Amino acid sequence: LVAPLLAAVGRPPGVLGSLGYCDGADTAEARWTTPPAPILAGWLRRMADNGCSHAVTELSARGVLESRAAGLRCDVLCLTNLRGADAALRSCAADRRRYASRLLEHLSPEGVLIVNADDPAACEAAERHSGPALTVGLTAAAELTATLVERHASEQTFCLSFGDEVLPVRTTLCGDHNVLNCLLAAAVGAAYRIAPEVIVRGLESVRELPGRLERVECGRPFQVFLDEARSPEALSTCLQTLRATAAGRVLCVLGISAEHDRASRARFGRIADQWTDETIVTQAPRAPAGFDALNDVLAGFRVPTRRRLIADRADAIRRVLTLAQPTDCILIAGQGLETYSLADREQDYWDDRQLVRQTLYGLNDSPAPRRAA
């Protein structure tokens with residue numbers, strides 16, 4: 001969301017983050033959200049060589065705490081959501097404070113700090129900053145705010161308020177979390193003194209975020225969305241967004257990874273039980289879980305009729321697509337933009353989008369999208 005704002009005013013950016021890397025000429029899939037320091041430096045060097053004037057870089061908790069961004073100084077630093085920054089930080093306030101302190105070390109002395117005022121952890125970290133700052137928020141008092149005008153499954157409109165400026169923004173990125181993302185990007189634009197109308201055009205130019213409530217269009221009367229939803233909080237955000245916009249039922253394929261501990265598995269089940277009409281629990285391709293892990297998720301459901309277990313992910317996706325009725329919304333969670341599986345300890349190709357399209361276009365006899373990489 002930040003990149004097109006800079007590009008629109010003649011400041012071509014490179015990008016490094018979980019959605020991928022771009023040096024202004026070439027792109028690559030992201031192996032790390034924040035790559036190790038030598039690789040990070042190499043991408044920044046290529047950005048400069050290719051005429052990029054700015055780099056939009058995602059600094060993960062692990063990346064910062066492991067000093068992967070050592071020496072990096074930021075003109076603008078966004079504190080987005082410290083509480084949900086990393087699984088290791090969600091339950092440990094001391095680690096969050098250490099992460100926030102290390103983050104602030106990357107802000108140049110004259111740099112601008114942008115704070116999500118809805119996140120108490122971000123506000124606490126910002127108290128240690130004495131330089132220029134901007135706040136954004138949906139519920140808390142802030143300098144940049146948004147008022148929802150209308151919301152549908154395929155788009156939403158909100159009014160962006162900044163000082164005396166109030167401008168409508170129509171975006172195909174749905175949910176409160178994406179309104180907040182737009183506010184954060186708009187604050188970056190404001191820090192660079194980009195005209196408000198240019199900011200709005202830049203935000204509206206982003207049609208989708210791969211693997212982040214990504215819509216799969218197949219000409220059917222129901223909606224299909226993909227999201228990685230690697231944490232219970234992320235799953236809750238997705239399902240609440242779809243529940244608020246769906247005219248019919250909310251159905252879910254919930255992929256569980258071996259990376260999830262037992263406590264989080266039960267939370268996945270409780271959240272799915274709360275926000276869906278029916279959930280099929282299955283495996284996440286990148287780190288398939290055993291039956292014990294899948295049963296831990298099922299145990300989180302209070303209403304047994306809202307759950308079913310289909311361990312094979314291809315079968316689970318095909319099943320939910322046959323269950324869908326007009327006006328329903330389907331969320332396929334646990335994989336997102338990634339296109340690989342680690343089944344049987346070998347990396348294979350796996351793409352949820354491809355399987356959805358094969359199924360909905362009537363190619364039910366086609367094999368699941370799995371082949372040696």
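Q: Which residues of helix H2 are called buried, and what makes them so?
A: In this predicted model, the buried residues of H2 are Leu40, Trp43 and Met47, and the word applies because buried means under 20% relative accessible area.

Q: How do you know on which side of H2 these residues lie?
A: Leu40, Trp43 and Met47 cover an arc of only 65° around the axis, which puts them on the same side of H2. An α-helix has 3.6 residues a turn, so residues three or four places apart point the same way.

Q: Which residues of H2 are called exposed, and where are they?
A: Pro38, Arg45 and Asp49 are exposed, and they stand on the other side of H2; the term calls for a relative accessible area over 50%.

Q: What do the buried residues of H2 pack against?
A: They pack against four strands, namely E1 (13-17), E2 (20-22), E3 (27-28) and E4 (54-57), where contact means heavy atoms within 4.5 Å.

Q: How do you know what span to expect of H2, and what span does H2 reach?
A: Helix H2 covers residues 37-49, which makes 13 residues, and at 1.5 Å a residue the expected span is 18 Å. From its first C-alpha to its last H2 reaches 18 Å, close to that expectation. Just after H2, Gly51 takes a positive phi of about 90°.

Q: What makes E5 and E10 the edge strands?
A: The open sheet has 6 strands in the order E5-E6-E7-E8-E9-E10, with mixed pairing. Strands E5 (74-79) and E10 (165-171) are its edges because each pairs on one side only. From one strand to the next, the twist averages 20°.

Q: How do you know that E9 and E10 count as paired, and in which sense do they run?
A: Two strands pair if there are at least two bridges between them, and E9 (residues 156-162) and E10 are joined over 7 bridges, in the antiparallel sense, so the condition is met. Among the residues involved, Ser161 has Val166 in E10 as its bridge partner.

Q: Why is Cys74 not counted in a disulfide with Cys78?
A: A disulfide is a covalent bond between the sulfur atoms of two cysteines. The sulfur of Cys74 is 9.5 Å from the closest cysteine sulfur, in Cys78, too far for a bond, since the cut-off is 2.5 Å. Cys329 is in no disulfide either, the nearest cysteine sulfur, that of Cys174, being 9.2 Å away. By this rule the count comes to 0 disulfides.

Q: Why are Cys74 and Cys329 called buried?
A: Cys74 has a relative accessible area of 14% and Cys329 one of 1%; the limit is under 20%, so both are buried.

Definitions and conventions
Residues numbered from 1 in each chain as written. Predicted model: local features only at pLDDT ≥ 70, side-chain atom pairs only at ≥ 80, totals over all residues. Heavy atoms only, no water. Helix = DSSP H or I, 4+ residues; strand = E, 2+ residues; numbered from the N terminus. Expected span 1.5 Å × (residues − 1). Buried < 20%, exposed > 50% of the residue type's maximum accessible area, 1.4 Å probe, protein only. Arc of directions from axis to C-beta. Axes fitted to C-alpha atoms, helices over the stretch in contact; angles between N-to-C directions.
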